[in-house]
Amino acid sequence: QVELVESGGGMVQAGGSLRLSCAASGTIFDIVDMRWYRQTPGNQRELVAVIRSDGTTTAADSVKGRFTFSRDNAKHAMFLQMNSLKPEDTGVYYCNADVQREWNWAIEQYWGQGTQVTVSS
């Protein structure tokens, strides 16, 4: 089995920063795309960014210029540096990954349990 665990959430004032981490553990041959999603109050879960295995990233317009994304493939981890946070960034942030557990197995998608980010005005 594969487990994704997020960490680094918390409460911060508007304009502040937080850094989220996501670590994958278990039987892992390869991780293809990794993603950050968030679910803000009253809204559906939305895609924040996709971070590919080569490090290239596609981010939502709402976070461009404020959030930066990175991966450590050797550690099966990814990171989300959030700067200039706004109250509308408040929500639960989820890690998502496309994982191949063995070289000849199909790719499966896994989710973390989420970490709460609260930005006060």
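In the predicted model, Val2 lies opposite Gly26 of strand β3. This pair belongs to the junction between strand β1, which spans residues 2-7, and strand β3, which spans residues 18-26. The two strands run antiparallel and are joined by six bridges.

Strand β3 is also paired with strand β8 (residues 77-82), again in the antiparallel sense and over six bridges. Within this pairing, Ser21 is placed opposite Phe79 of β8, and Ala23 has Ala77 of β8 as its bridge partner.

These pairings form part of an open sheet of four strands, arranged in the order β1-β3-β8-β7 with antiparallel pairing. The edges of the sheet are occupied by β1 and β7 (67-72); each has a single partner strand, so one side of each lacks a neighbour in the sheet. On average, neighbouring strands of this sheet are turned by 15 degrees against each other, direction being ignored.

A further site examined was Thr40, located in the loop that links β4 (30-39) and β5 (46-51). Thr40 has a relative accessible area of 9%; because this value falls under the 20% limit, the residue is classed as buried. A polar contact of 2.9 Å connects the side chain of Thr40 with the side chain of Asn43. When neighbours within four places in sequence are set aside, the contacts of Thr40 are with Glu46, Glu88, Thr90 and Gly91.

How values were computed
Residues are numbered from 1 along each chain as its sequence is written. This is a predicted model: local features need pLDDT of at least 70, side-chain atom pairs count only at pLDDT 80 or more; totals for chains, interfaces and linings use all residues. Side-chain values use heavy atoms; hydrogens and water are left out. Two strands pair if DSSP finds at least two bridges between them. Buried means under 20% relative accessible area, exposed over 50%, partly exposed in between (1.4 Å probe, protein chains only). A polar contact is a pair of N or O atoms within 3.5 Å; within protein, one must be able to donate a hydrogen and the other to accept it, and residues adjacent in sequence count only if both atoms are side-chain atoms. Contact means heavy atoms within 4.5 Å. Axes are lines fitted to C-alpha atoms, for helices over the stretch in contact, and angles run from 0 to 180 degrees between N-to-C directions.
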